[in-house]
Amino acid sequence: MMAGDQQESETPSETPAAAVVKTAAVDEVVKTVVDPEHDSLITYPTFEKPWDFSDLILNLDDRKFHVHKAVVSMWSPILKHQILQLKSSGEPEVILEPSEKLKPEDFVEMLQTIYPPNKPINEANCEKLVTIANAFNMFELLRRCEKYLINEMTPSLKLLVFAQEEHLSKLLQKCTKYCSRMNLEELKKSSFYTDISPANLCNLLEVRCLKMEQKLKKSEIRSWELSCTLRAIHESWGRKEGACVQHRNNGMHQENCNECLHAIRRQIGKLCELALNNPSDHSD
């Protein structure tokens with residue numbers, strides 16, 4: 001055996017235990033999940049340990065998230081301001097105030113959404129992301145969430161109330177237009193009816209009234225057109241043009257003439273009288 005081969009064989013290889021420790025350390029930094037849209041595996045950071053030159057800790061309810069100042073400050077002016085208030089000495093750590101709407105697991109979801117590979121916004125996380133985005137003035141994340149809700153979610157009173165609470169004006173406008181199709185009885189039956197603010201309720205009812213006025217206007221125009229048509233048909237029976245060629249010179253209809261279509265004339269005459277005497281056909 002050559003000396004080089006002997007030296008290579010004596011080089012210690014990585015033990016199974018060391019491999020397990022290495023894998024565990026990687027698992028603390030990233031988390032691999034299945035992407036249902038592309039049927040593939042995607043790795044998202046967990047933010048539980050320092051990673052890739054992370055230089056800031058966000059502490060929420062005693063749970064620490066290792067992030068990067070440059071990234072979070074670009075997304076949130078509030079976090080940027082808190083970073084600037086930190087002391088230069090020691091490891092920077094921002095203490096976040098916990099609340100019922102701000103939970104650590106939801107905060108991780110937000111971080112995974114703004115960090116590459118950017119976890120997609122979906123029905124399961126969108127409302128939570130909106131709440132966090134509003135809490136930290138993350139306007140771009142808020143815009144993306146609102147776009148998702150407008151394009152992917154069916155408008156409803158529940159979504160209207162959510163848009164109202166989270167100040168999503170475009171979503172609120174779409175939900176108001178959609179819910180204006182409901183009558184007042186249907187609106188009151190909903191459990192979300194009492195949660196609608198007076199201003200938005202007035203706006204919703206105003207949109208509905210405008211729609212009703214438009215429908216009424218179209219009905220009035222249609223009624224007027226129908227009335228004019230029936231009137232013209234009714235008056236045509238007194239004219240000689242309505243008679244057949246044989247009786248046209250006499251200027252009179254012959255009731256015993258099949259060509260004059262006596263039976264049809266009588267039926268149409270009755271319909272015309274009913275239409276002309278109906279008060280609903282007259283405009284104010």
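**Figure 1. Pairing of strands β3 and β4 in the predicted model.** In this predicted model, strand β3 (residues 56-60) and β4 run antiparallel and are joined by five bridges. Three of the facing positions can be picked out along the ladder. Ile57 has His66 of β4 as its bridge partner, Leu58 is partnered by Phe65, and Asn59 stands opposite Lys64. The two strands form a hairpin with two residues between them, and there Asp61 takes a positive phi near 55°.

**Figure 2. The open sheet formed by β4, β3 and β5.** The three strands lie in the order β4-β3-β5, with mixed pairing. The edges are β4 (63-67) and β5 (93-96), each of which pairs on one side only. From one strand to the next the twist averages 25°. On the β5 side, β3 is joined by four bridges and the two strands run parallel. Ile57 of β3 stands opposite Glu93 in β5, and the bridge partner of Ile57 in β4 is His66.

**Figure 3. Side chains of strand β3.** In a regular strand the side chains alternate between the two faces of the sheet. Leu56, Leu58 and Leu60 point one way from β3, while Ile57 and Asn59 point the other way. Is β3 mostly covered or mostly uncovered? The strand is mostly covered, with five of its five residues buried.

**Figure 4. Helix α5 against the sheet.** Helix α5 (residues 104-114) lies across β3, β4 and β5 and runs at about 10° to β4. Ten of the eleven residues of α5 are buried, so the helix is largely enclosed by the rest of the structure. The buried set consists of Pro104, Asp106, Phe107, Val108, Glu109, Met110, Leu111, Gln112, Thr113 and Ile114. Asp106 and Glu109 are thus listed as buried alongside residues such as Phe107 and Leu111.

**Figure 5. Length and buried face of helix α7.** At 1.5 Å a residue, the 14 residues of α7 (residues 139-152) should span 20 Å, and the end C-alpha atoms are 20 Å apart, which agrees. Which residues of α7 are buried? They are Leu141, Leu142, Cys145, Glu146, Tyr148 and Leu149. Seen down the helix axis, the buried residues of α7 fall within an arc of 155°, so they line one face of the helix. An α-helix has 3.6 residues a turn, so residues three or four places apart point the same way. The face turned away from the buried side of α7 carries the exposed residues Phe139 and Asn151.

**Figure 6. Helices covering α7.** The buried residues of α7 are covered by elements that include α3 (69-75), α5, α6 (126-135), α8 (157-166) and α9 (169-179). One of these, α5, also lies across the three strands β3, β4 and β5.

**Figure 7. Cys175 and Cys179.** A disulfide is a covalent bond between the sulfur atoms of two cysteines. A search of the whole structure finds zero disulfides. For Cys175, the nearest cysteine sulfur is that of Cys179, 5.9 Å away, and Cys175 is in no disulfide. Cys179 is likewise in no disulfide, and its nearest cysteine sulfur is that of Cys175. The distance of 5.9 Å can be set against the cut-off of 2.5 Å for a disulfide. Cys175 counts as buried because its relative accessibility is 1%. Cys179 is buried too, with a relative accessible area of 1%.

**Figure 8. Surroundings of Leu187.** Leu187 lies in helix α10 (residues 184-189). Its relative accessibility is 1%, so Leu187 counts as buried. Which residues is Leu187 in contact with, leaving aside neighbours within four places in sequence? The contacts are Leu157, Cys179, Met182, Tyr193, Leu204 and Leu205. Leu157 is 30 residues from Leu187 in sequence, and the two are 8.3 Å apart in space, C-alpha to C-alpha.

**Figure 9. The whole chain, for context.** The protein has twelve helices and five strands. Of its 284 residues, 33% count as buried. Among contacts with a separation of 6 or more, residues 24 or more positions apart account for 48%.

Technical notes
Residues numbered from 1 in each chain as written. Predicted model: local features only at pLDDT ≥ 70, side-chain atom pairs only at ≥ 80, totals over all residues. Heavy atoms only, no water. Pairing = 2+ DSSP bridges. Axes fitted to C-alpha atoms, helices over the stretch in contact; angles between N-to-C directions. Contact = heavy atoms within 4.5 Å. Buried < 20%, exposed > 50% of the residue type's maximum accessible area, 1.4 Å probe, protein only. Expected span 1.5 Å × (residues − 1). Arc of directions from axis to C-beta.
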